[in-house]
Amino acid sequence: MTYENVTVEHRGPIALVRFDRRGNLNAFNQATILELTDVARTFQDDLDTRAVVLTGTTKAFSAGIDLKDSATWQAPESDVALRHRSYRGVRLCKAWEDMPQVTIAAMEGLAVGAGVAIALACDWRVLAADAYLYVPEVKIGLNLQWGALPRLISLVGPARAKRIVLLCEKMSAEKALEWGLIDEVAASGHAVAKALALAEVAASMPPATTAMVKEAINATAYALHHASAFADADQSALTRTFEDAVAARAQFTKQ
């Protein structure tokens, strides 16, 4: 299948998946969400690929959801269709989390909101030394969705998760590593190279055992994730209608 915003490069047992909007700091539009979901699902039946590196552009992993994308806000034909669209991000991240291959997010520049969410769905995260992570959802009247909140709590604990989400602080690579939110810091411009090096080690391990152990760890660590986040998009559908949320988004999009 040919994609508009996503490319897949196979390097033996390793695949490099790159998404590039060619503008808007690589923010997610609806097309990119659907393409990355489809790509993740193709790996379910890929018996030759053992590790997958996910990256954005050299300037930005992703600035999050594109609030100016008209397809995100246009009224669908029914409430069922609206809810289905609202949960695209959840399905995207779940598809990446459920891949049998080892997955590594390689991030340059910045990862914001939805960009952080999909990185959390990967097994490991590599962040460039001069890059940062930023979760501004509360600032614009939304909750952290795409199933990201329980994943975040599992990595950093409840107190630090509250600080990241409620105070909307930008996190440097050094701090993100200290808090356990990322696994490696790379020199600027070398996040993909470091992620590929990790992927090579993972790909050298017995593949069936690796996939089995990954599934076992996920099943144990994430057993209650769906129970705590199954309605996160519904919650945002409510909170985004609040007067202060509408005003906050209007101000945010002017920046």
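How many positive and negative side chains does the protein chain have, and how far apart do the centres of the two sets lie? The protein chain has 26 positive and 29 negative side chains, with the two centres 5 Å apart. The model is a predicted one.

**Overall fold**

The protein chain holds 13 helices and nine strands. Its radius of gyration is 17 Å, and a compact globule of 255 residues would come near 18 Å, so the value agrees with a compact globule. Of contacts between residues at least 6 apart in sequence, 73% join residues at least 24 apart. As for burial, 48% of the 255 residues count as buried.

The table lists values for the protein chain as a whole.

| Property of the protein chain | Value |
|---|---|
| Span of the C-alpha trace along the principal axes | about 55 × 40 × 35 Å |
| Exposed area | about 12500 Å² |
| Share of the exposed area from carbon and sulfur atoms | 58% |
| Radius of gyration | 17 Å |

**Ser-236**

Helix α12, which covers residues 232–239, contains Ser-236. Is this residue buried or exposed? Ser-236 has a relative accessible area of 4%, so Ser-236 is buried, the cut-off being under 20%.

Once neighbours within four places in sequence are left aside, Ser-236 is in contact with Leu-142, Asn-143 and Gln-145. Ser-86 is 150 residues away from Ser-236 in sequence, while the C-alpha atoms of the two residues are 9.0 Å apart in space.

Notes:
Residues are numbered from 1 along each chain as its sequence is written. This is a predicted model: local features need pLDDT of at least 70, side-chain atom pairs count only at pLDDT 80 or more; totals for chains, interfaces and linings use all residues. Side-chain values use heavy atoms; hydrogens and water are left out. Helices (H or I, at least four residues) and strands (E, at least two) are DSSP runs, numbered from the N terminus. Buried means under 20% relative accessible area, exposed over 50%, partly exposed in between (1.4 Å probe, protein chains only). Contact means heavy atoms within 4.5 Å. The radius of gyration is taken over C-alpha atoms; the globule rule is 2.2 Å times the number of residues to the power 0.38. Accessible areas come from the Shrake-Rupley method with a 1.4 Å probe; for residues, only the protein chains shown count as cover. Lys and Arg count as positive and Asp and Glu as negative; His and the chain ends are not counted. The place of a charge is taken as NZ of Lys, CZ of Arg, CG of Asp or CD of Glu.
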